[in-house]
Amino acid sequence: MSLTFHAELSWSDDGTGLRRRLRLDEATEAFGLLERDGDGWSLCIPSGAEAEARVDARPVDLRTLWLEPSGERRLPLRAGLEARVRMGAFRFELRPVAA
(Lines give C-alpha, C1' and ligand atoms only; values in the text may rest on other atoms or scores of the structure.)
Protein backbone atom coordinates (compact mmCIF):
# COMPACT_ATOMS: atom_id res chain seq x y z
CA MET A 1 0.00 0.00 0.00
CA SER A 2 1.31 3.41 -0.94
CA LEU A 3 1.07 6.35 1.46
CA THR A 4 0.71 9.77 -0.13
CA PHE A 5 0.52 12.99 1.85
CA HIS A 6 0.29 16.71 1.30
CA ALA A 7 3.08 18.25 3.36
CA GLU A 8 3.36 21.98 3.97
CA LEU A 9 6.28 23.76 5.61
CA SER A 10 6.02 27.48 6.41
CA TRP A 11 8.26 29.75 8.40
CA SER A 12 6.45 33.07 8.65
CA ASP A 13 2.99 34.26 9.56
CA ASP A 14 2.41 35.49 6.00
CA GLY A 15 2.43 31.88 4.76
CA THR A 16 5.88 31.89 3.11
CA GLY A 17 6.88 28.28 2.67
CA LEU A 18 6.94 25.11 0.62
CA ARG A 19 4.26 22.60 -0.31
CA ARG A 20 4.83 19.10 -1.59
CA ARG A 21 2.85 16.04 -2.47
CA LEU A 22 4.92 13.22 -1.05
CA ARG A 23 4.47 9.59 -2.01
CA LEU A 24 6.47 7.75 0.61
CA ASP A 25 7.23 4.64 -1.41
CA GLU A 26 9.03 6.88 -3.93
CA ALA A 27 10.56 9.47 -1.58
CA THR A 28 14.31 9.27 -1.13
CA GLU A 29 15.01 12.23 1.12
CA ALA A 30 13.52 13.98 4.12
CA PHE A 31 11.17 16.94 3.82
CA GLY A 32 10.46 19.30 6.71
CA LEU A 33 9.98 17.17 9.81
CA LEU A 34 9.56 13.90 7.88
CA GLU A 35 12.48 11.51 8.14
CA ARG A 36 13.19 7.92 7.22
CA ASP A 37 12.84 5.65 10.22
CA GLY A 38 14.00 2.09 9.53
CA ASP A 39 11.84 0.76 6.71
CA GLY A 40 9.23 3.52 7.10
CA TRP A 41 8.86 7.24 7.74
CA SER A 42 8.20 9.26 10.88
CA LEU A 43 7.12 12.76 11.77
CA CYS A 44 9.76 14.20 14.13
CA ILE A 45 8.23 16.46 16.77
CA PRO A 46 10.89 18.72 18.35
CA SER A 47 11.02 19.31 22.09
CA GLY A 48 8.92 22.34 23.02
CA ALA A 49 6.81 22.27 19.87
CA GLU A 50 3.03 22.50 19.96
CA ALA A 51 1.69 19.47 18.11
CA GLU A 52 -1.52 17.63 17.44
CA ALA A 53 -2.28 14.56 15.39
CA ARG A 54 -5.29 12.56 14.33
CA VAL A 55 -5.71 9.23 12.58
CA ASP A 56 -9.03 8.90 10.79
CA ALA A 57 -10.36 11.87 12.85
CA ARG A 58 -9.39 10.22 16.19
CA PRO A 59 -6.90 12.20 18.32
CA VAL A 60 -3.46 10.67 18.97
CA ASP A 61 -2.03 11.12 22.49
CA LEU A 62 1.45 12.35 21.61
CA ARG A 63 2.56 12.06 25.25
CA THR A 64 2.69 8.28 24.78
CA LEU A 65 5.45 8.55 22.14
CA TRP A 66 8.97 7.56 23.14
CA LEU A 67 11.20 10.56 23.96
CA GLU A 68 14.43 10.37 21.94
CA PRO A 69 17.78 11.44 23.52
CA SER A 70 17.62 14.52 21.26
CA GLY A 71 14.36 15.53 22.99
CA GLU A 72 12.16 14.87 19.97
CA ARG A 73 9.33 12.39 19.64
CA ARG A 74 8.77 10.31 16.51
CA LEU A 75 5.31 9.55 15.19
CA PRO A 76 5.34 6.76 12.57
CA LEU A 77 3.42 7.70 9.43
CA ARG A 78 0.43 5.58 8.56
CA ALA A 79 -2.71 5.82 6.47
CA GLY A 80 -5.19 8.43 7.66
CA LEU A 81 -2.66 10.47 9.66
CA GLU A 82 -3.15 14.24 9.84
CA ALA A 83 -0.73 16.29 11.95
CA ARG A 84 0.29 19.86 12.76
CA VAL A 85 3.49 21.01 14.47
CA ARG A 86 4.21 24.63 15.43
CA MET A 87 7.25 26.34 16.94
CA GLY A 88 6.97 30.14 16.84
CA ALA A 89 6.33 31.13 13.23
CA PHE A 90 7.54 27.74 11.95
CA ARG A 91 4.65 25.42 11.01
CA PHE A 92 4.55 21.98 9.49
CA GLU A 93 1.28 20.36 8.41
CA LEU A 94 0.67 16.91 7.03
CA ARG A 95 -2.56 15.42 5.71
CA PRO A 96 -3.41 12.40 3.60
CA VAL A 97 -4.19 12.79 -0.07
CA ALA A 98 -7.83 11.93 -0.75
CA ALA A 99 -8.17 8.51 -2.32
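How many Å² does the protein expose, and what share of it do carbon and sulfur atoms supply? The exposed area is about 6,300 Å². Carbon and sulfur atoms account for 48% of that area. The model behind these values is predicted.

Start with the fold. The protein contains nine strands and zero helices. Along the sequence the pattern reads β-β-β-β-β-β-β-β-β. Next come the overall dimensions. The C-alpha trace spans about 35 × 35 × 25 Å along its principal axes. The radius of gyration is 13 Å. A compact globule with 99 residues would have a value near 13 Å, so the protein agrees with that expectation.

Now look at burial and contacts. Of the 99 residues, 35% count as buried. Take the contacts between residues at least 6 apart in sequence: 55% of them join residues at least 24 apart. Charge is the next item. The protein carries 15 positive and 17 negative charges. Their mean positions lie 4 Å apart.

Turn to the aromatic rings. The structure has one aromatic pair. Phe31 and Phe92 form it, and the geometry is tilted. The ring centres are 6.2 Å apart, with 50° between the planes. That angle is neither under 30 degrees, which would count as stacked, nor over 60, which would count as edge-to-face. Where do the two partners, Phe31 and Phe92, lie? Phe31 is in the loop between strand E2 (17–23) and strand E3 (34–37). Phe92 belongs to strand E9 (residues 90–96). The pair therefore ties together parts that are 61 residues apart in sequence. Both Phe31 and Phe92 are buried.

Strand E9 also holds Arg95. Is Arg95 buried, partly exposed or exposed? Its relative accessibility is 38%, so Arg95 counts as partly exposed. Arg95 and Phe5 are 90 residues apart along the chain. Their C-alpha atoms are nevertheless separated by 5.5 Å. Phe5 is also among the residues that Arg95 touches, once those up to four places away in sequence are set aside. The others are His6, Leu81 and Glu82.

Strand E1 (residues 4–10) includes Ser10. At 3% relative accessibility, Ser10 is buried, because the cut-off for that class is under 20%. Which residues does Ser10 contact, leaving aside neighbours within four places in sequence? One set is Gly15, Thr16 and Gly17. The other is Ala89, Phe90 and Arg91.

Finally, check the backbone in the loop between strand E5 (50–55) and strand E6 (58–59), where Asp56 is found. Ala57 sits in the loop between E5 and E6 too. What is phi at Asp56? It is near 50°, a positive value in a residue other than glycine. Ala57 is not a glycine either, yet its phi is positive at about 70°. Are these residues buried or exposed? Asp56 has a relative accessible area of 51% and is exposed. Ala57 has 61% and is exposed as well. The cut-off for exposed is over 50%. Set this loop beside the aromatic pair: Asp56 is exposed, whereas Phe31 and Phe92 are buried.

Notes
Residues numbered from 1 in each chain as written. Predicted model: local features only at pLDDT ≥ 70, side-chain atom pairs only at ≥ 80, totals over all residues. Heavy atoms only, no water. Phe/Tyr/Trp six-rings, centres within 6.5 Å; stacked < 30°, edge-to-face > 60°. Helix = DSSP H or I, 4+ residues; strand = E, 2+ residues; numbered from the N terminus. Buried < 20%, exposed > 50% of the residue type's maximum accessible area, 1.4 Å probe, protein only. Rg over C-alpha atoms; globule rule 2.2 N^0.38 Å. Contact = heavy atoms within 4.5 Å. Areas by Shrake-Rupley, 256 points an atom, 1.4 Å probe, with all protein chains shown as cover. Lys, Arg positive; Asp, Glu negative; His and termini not counted. Charge placed at Lys NZ, Arg CZ, Asp CG, Glu CD.
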